[in-house]
Amino acid sequence: MPDFFSFISEILWGSIMIYLLLGAGIWFTLRSGFIQFRYIRKFGRSLKNSVTPQPGGLTSFQALCTSLAARVGSGNLAGVALAIGAGGPGAVFWMWATAIIGMATSFAECSLAQLYKEKDKHGQFRGGPAWYMSRGLGMRWMGVLFSIFLLVAYGLIFNTVQANSVAHALRYAFACPEWLTGAVLALFILLTISTGLKGVARLMQWMVPVMAILWVGASLFVTAQHIDQVPAVIATIFKSAFGWREAASGALGYTLSQALTAGFQRGMFSNEAGMGSTPNAAAAAASWPPHPAAQGIVQMIGVFTDTIVICSASAMIVLLAGPVPYASEAVGIQLVQQALVNLAGGWGAGFVSLIVMLFAFSSIVVNYIYAENNLIFLKLDSRHTLRLLRLGVILMVMAGSLLSMPLVWQLADVAMALMAITNLTAILLLSPVVTLIARDYLRQRKLGVQPVFDPSRYPDIEAQIAPGSWDDLPRQ
């Protein structure tokens, strides 16, 4: 069975996903008027606007931190080490490429999620890929299929991956028994997810910036101590990315294909652009200014922060420590711990354990929120069903802590690919709507007015969106 899923994963990631991700990213970069390049200098203003509270949903900043909580998991630490081990230092370059290209894809999917959002029975905005597949494409069956993929991936499989990294990190640093790690982690997760979407969002808007600053700060500290090695590390990344670095002195040589595949796979696992997960958080925001593109631009910041900032921080620590051996997923986090110990001393292992625990905790909590959101789409959000989902999350956390399961990592890769293929198909079919949203936003910005989405200008879209979602536009 592991061999079968490994074979499927190699087919999906060895060709299909790379071409699909590249193609979608380039397509939306062109269709959106190179929006990620045009607005990268204005991210600060977008963040300032994102804290403005509006009725009916989360603030854009809360939605950003919630989506970042899911993005920023063990993949930002263990995943980076694994990518370098499998594809060489050049994998880091291709992780950066996924981020730059993926920003346009993230803009597309999150803008669509905002456009097709609707209010639930409590007056909270809900939405995501399942909604824009149902409303925008008129294909509810596709939304149901996507929701099932997401429930399996985010409700169950990904949580074992996160818990496994935490258990291995704490065992390595403090000899903490895996069962104890699993039990404590499961208890805190249960208490947090019981607070619901708004409770989780309020926690994440404080927790995510703190843990990101801690990790990036540690990386800058180590980099400053070894500043003389930095130019050589950066040169190695670029040379290895295109297979220019030959095997020499017993060092392993890597091909372009190895670097590209490892970088894209782990980059996407980290920043999730195109997977269809982030739109579940983006739709929950009452965006300001009141335009779908505004939330798309804010969510691009998430892709940039996750990969260009946090993953680069991990890569610098790993590469400064020396050659990275190819390793299994189970010991990926230990490679990061060993690297920081070698560079900074004994405190490194414990510090990485703390960071991976925070990253994994926040990721699992928001994974549950995404799964719950899709139960609402399936109209299966009864108290009994939600309790079953919470029980499933807790059991998978415990299982992930106790067992070493290479099969689970292979299942995670396959589930991620199936989700992404379904979502990317939908947003490519809806690309004319993405173009319209981007042009409408950019047109109003050029005129020097605050962008406001007026559905009456677009009768075809007005007929598809949920009643009340854009009728009463918020005002400051």
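In what follows, a contact means heavy atoms within 4.5 Å. The structure is a predicted model.

**Exercise 1.** Determine whether the length of helix α15 agrees with the span expected at 1.5 Å a residue.

*Solution.* Helix α15 covers residues 332–344, which makes 13 residues. The expected span is 1.5 Å times one less than the number of residues, so α15 should span 18 Å. The C-alpha atoms at its ends lie 19 Å apart, in agreement with that value.

**Exercise 2.** Identify the buried residues of α15 and the helices against which they pack.

*Solution.* Buried residues have under 20% relative accessible area. In α15 this holds for Gly332, Ile333, Gln334, Leu335, Val336, Gln337, Ala339, Leu340 and Leu343. Their packing partners are α5 (78–87), α8 (140–174), α10 (196–225), α14 (292–320) and α16 (347–377). Just after α15, Gly345 adopts a positive phi of about 115°.

**Exercise 3.** Describe the surroundings of Thr98, and decide whether Thr98 is buried or exposed.

*Solution.* Thr98 belongs to helix α6, residues 90–115. Its relative accessible area is 8%, so Thr98 is buried. A polar atom of the Thr98 side chain lies 2.5 Å from the backbone oxygen of Met95. Leaving aside residues up to four places away in sequence, Thr98 touches Gly263, Phe264, Gly267 and Asn271.

**Exercise 4.** Place these details within the whole protein chain.

*Solution.* The chain contains 20 helices and two strands. Of its 476 residues, 60% count as buried. Among contacts with a separation of 6 or more, 83% join residues 24 or more positions apart. The chain exposes about 18000 Å², of which carbon and sulfur atoms supply 66%.

How values were computed
Residues are numbered from 1 along each chain as its sequence is written. This is a predicted model: local features need pLDDT of at least 70, side-chain atom pairs count only at pLDDT 80 or more; totals for chains, interfaces and linings use all residues. Side-chain values use heavy atoms; hydrogens and water are left out. Helices (H or I, at least four residues) and strands (E, at least two) are DSSP runs, numbered from the N terminus. Buried means under 20% relative accessible area, exposed over 50%, partly exposed in between (1.4 Å probe, protein chains only). A polar contact is a pair of N or O atoms within 3.5 Å; within protein, one must be able to donate a hydrogen and the other to accept it, and residues adjacent in sequence count only if both atoms are side-chain atoms. Accessible areas come from the Shrake-Rupley method with a 1.4 Å probe; for residues, only the protein chains shown count as cover.
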